[in-house]
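Welcome, and thanks for taking a look at this one. Please open the model in your viewer and keep it beside you as you read.

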Amino acid sequence: WNPEGQLEYLGRIDHQVKVRGFRIELGEIEAQLLAQREVREAVVIANEGPTGTRLVGYVSGQDLDTTALRERLGEALPDYMVPSMLMVLDALPLNANGKVDRNALPAPEFSAGNAYETPLGETEEKLSAIWAEVLGVQRVGRNDNFFELGGHSLLSARLVARLHAAMHSELTIRDVFQYPTLAAMAARIAGALRDSPVVQALSEIDSLIDSMETV
């Protein structure tokens, strides 16, 4: 009952979760997945990870592109309702009643799906360590994607704050979405530092000193 004395239907409580302070009906996400023509089956669960509760979707169908599916979900749902990961299965496990057996679903492994490639240079190495701290993962390669490792908008804000404190970076949350791989983000940070007024002023001073020494 709400404060006005009206009975509100909240759906099935066992399929409601709270993620980043938002109450989510998992069935709404599943309905959006099933609305995609290539998806035959879909179920979404809440997974407790080192960085908090994350949504994981399991789908079956033909010619499934999980990146494209997540992008389409992002067009129909708010950010906090888009699963951090979509796992493709040949078929969803069923129980004796013919319903999806959520307990039999494989455990999600948050990884970028790319072969690990060691970060190159000081900026990538520092950034890799900060990503690992923020995302709660053991290691981050230079081609890894922040969001494929479990990142989301709240963690993006945390990442930006850590980068500002540790690397004096002026990276924005928009930059995190625009440059989601470690290598691209490191290049963005390095480029921004080169273009900063302080660095340009120091460069001009160095040039002036060099010119005076040649006189």
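Here is a short briefing on the fold, the salt bridges, one helix and two backbone angles. Please bear in mind that this is a predicted model. The protein chain contains seven helices and five strands, and seven salt bridges are counted.

**Overall layout**

- Following the sequence, the elements of the protein chain come in the pattern β-β-α-β-β-α-β-α-α-α-α-α.
- The protein chain has 215 residues, and 38% of them count as buried.
- Among contacts with a separation of 6 or more, 56% are between residues 24 or more positions apart.
- About 12,900 Å² of the protein chain is exposed, with 51% of that area supplied by carbon and sulfur atoms.

**Salt bridge between Arg102 and Glu30**

- Arg102 and Glu30 pair through their side chains in a salt bridge, with an N to O distance of 3.1 Å.
- Arg102 sits in the loop between strand 5 (85-88) and helix 3 (121-135), while Glu30 belongs to helix 1 (residues 26-34), so this pair ties together parts that are 72 residues apart in sequence.
- The two partners fall into separate burial classes: Arg102 is partly exposed at a relative accessible area of 25%, and Glu30 is buried at 13%.
- Glu30 counts as buried because its 13% is under the 20% cut-off.

**Salt bridges around Arg142**

- A salt bridge joins the side chains of Arg142 and Glu117, at 3.9 Å from N to O.
- Arg142 is in the loop between helix 3 and helix 4 (153-167) and Glu117 is in the loop between strand 5 and helix 3, so the pair ties together parts 25 residues apart in sequence.
- Arg142 is buried, with a relative accessible area of 17%, whereas Glu117 is partly exposed at 35%.
- Glu124 comes into the picture too, as Glu117, Glu124 and Arg142 are linked in a network of salt bridges.

**Salt bridge between Glu133 and Arg162**

- In the salt bridge of Glu133 with Arg162, the closest N and O atoms are 3.0 Å apart.
- This pair ties together parts that are 29 residues apart in sequence, because Glu133 lies in helix 3 and Arg162 in helix 4.
- Arg162 is partly exposed, its relative accessible area being 27%.

**The buried side of helix 1**

- Which residues of helix 1 are buried? They are Leu26, Ile29, Glu30 and Leu33.
- These residues lie on the same side of helix 1, because they cover an arc of only 100° around the axis.
- Glu30 therefore appears twice in this briefing: as one of the buried residues of helix 1 and as the salt-bridge partner of Arg102.

**Two positive phi angles**

- Most residues other than glycine have a negative phi.
- Asp63 is not a glycine, yet its phi is positive, near 50°.
- Asp63 is found in the loop between strand 4 (52-61) and helix 2 (66-76), and Asp63 is exposed at 76% relative accessibility.
- His168, which is not a glycine either, has a positive phi of about 55°.
- Where does His168 lie? His168 is in the loop between helix 4 and helix 5 (173-178).
- His168 is exposed, with a relative accessible area of 62%.

Terms used
Residues are numbered from 1 along each chain as its sequence is written. This is a predicted model: local features need pLDDT of at least 70, side-chain atom pairs count only at pLDDT 80 or more; totals for chains, interfaces and linings use all residues. Side-chain values use heavy atoms; hydrogens and water are left out. A salt bridge is a side-chain nitrogen of Lys or Arg within 4 Å of a carboxyl oxygen of Asp or Glu. Helices (H or I, at least four residues) and strands (E, at least two) are DSSP runs, numbered from the N terminus. Buried means under 20% relative accessible area, exposed over 50%, partly exposed in between (1.4 Å probe, protein chains only). Contact means heavy atoms within 4.5 Å. Accessible areas come from the Shrake-Rupley method with a 1.4 Å probe; for residues, only the protein chains shown count as cover. The arc is that of the directions from the helix axis to the C-beta atoms.
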